[in-house]
Amino acid sequence: MPTIKEKLYFTYNGRSSRDFGLIHINTNNGMFEETLVPRRNIRETKIRGNDKPIYYEVEHDPIEFPMEIAFEGEFTDELIEEVIDWLFTDYYCELYFEGKENRVFICMPVDDTNLIHNGLQQGYVTLTMRCNSPYIYSPIILTPLETVTTSKTITITNNGFKDIYPEISIKKIGSGNIEIKNITDNNKTFLIQNLVNGEDIYLNCEQEIIETDAIGVYHYGDIVGDFPKLIKRTTNTIKITGDCQIQFRFREKYRF
């Protein structure tokens, strides 16, 4: 994970710690200690009479990391309530630190949270953040809106260390089909058939979801091929065939 313990201010759930008079601190003496790679677990099965287990895969736990956040001035009961409302969501939110805005944690607090103070309304809060995956993300990347007449080839760069499945928005111009071919990914092709003029299509390629604004229409039977993905650490060459407007949305995935 990126080094964060030296960063003073952070943004979570759309609000800066500056709004609450909070700074990110480190109460340990000496050098900073931070998790480099989250816990890994080996999935395997032991067979009676065989000392060597059968290996299946490695599972990665979601990232977890502690935070210590101090009040720059005196705190009040009202301020504590505001901080609790801000931090303790029931859903994952974006967290990033000033100076590291290009690395985003999708996380929420877990486990015990403690208020350490001197009895004079001065002190700091300790908590643990748990992410929704073993990865750190880029901010959302939105490609330019492309207008395709017959066919068009575009390039999309994925600088992350993992292949990613984007979200894709399409507005059909005229009736017909849309084909998306990733030349970089061995010419893998994804085809949506039987679209009508003006139809808006949303694709979530990771969850294999297709949505349309056409009432009573379901396109799952009109799909041929695998949902598109963007190959890691390279520039992907994408050929789009069929008159439409199209735009890609994604986050790159990082380990550090």
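Here's a quick tour of two charged surface patches and one sheet. Keep in mind that you're looking at a predicted model. One patch is negative and includes Asp85, while another is positive and includes Arg233. The sheet is an open one with 5 strands.

**The negative patch**
- Five residues make up this negative patch on the surface: Asp77, Glu78, Glu81, Glu82 and Asp85.
- If you want to find Asp85, look in helix α1, which covers residues 77-87.
- Asp85 has a relative accessibility of 59%, so it counts as exposed, since the cut-off for that label is over 50%.

**The positive patch**
- Here the members are Arg40, Lys162, Lys232, Arg233 and Arg255, and together they form a positive patch on the surface.
- Arg233 sits in the loop between β19 and β20, with β20 spanning 234-241.
- Is Arg233 buried or exposed? Arg233 counts as exposed because its relative accessibility is 55%.

**The sheet**
- Going across the open sheet, the strands come in the order β13-β20-β15-β16-β19, and the pairing is antiparallel.
- At the edges you'll find β13 (151-158) and β19 (223-224), and each of them pairs on one side only.
- As a bit of background, strands of a sheet pair through backbone hydrogen bonds, and this can be parallel or antiparallel.
- Zoom in on β15 (residues 176-182) and β16 (residues 188-195): this antiparallel pair is joined over 6 bridges.
- For one residue pairing to look up, try Glu179, whose bridge partner in β16 is Leu191.

Methods
Residues are numbered from 1 along each chain as its sequence is written. This is a predicted model: local features need pLDDT of at least 70, side-chain atom pairs count only at pLDDT 80 or more; totals for chains, interfaces and linings use all residues. Side-chain values use heavy atoms; hydrogens and water are left out. Patches are made of residues with over 30% relative accessible area and no salt bridge: like charges are joined within 9 Å, nonpolar side chains (Val, Leu, Ile, Met, Phe, Trp, Tyr) within 5 Å. Accessible areas come from the Shrake-Rupley method with a 1.4 Å probe; for residues, only the protein chains shown count as cover. A salt bridge is a side-chain nitrogen of Lys or Arg within 4 Å of a carboxyl oxygen of Asp or Glu. Lys and Arg count as positive and Asp and Glu as negative; His and the chain ends are not counted. The place of a charge is taken as NZ of Lys, CZ of Arg, CG of Asp or CD of Glu. Helices (H or I, at least four residues) and strands (E, at least two) are DSSP runs, numbered from the N terminus. Buried means under 20% relative accessible area, exposed over 50%, partly exposed in between (1.4 Å probe, protein chains only). Two strands pair if DSSP finds at least two bridges between them.
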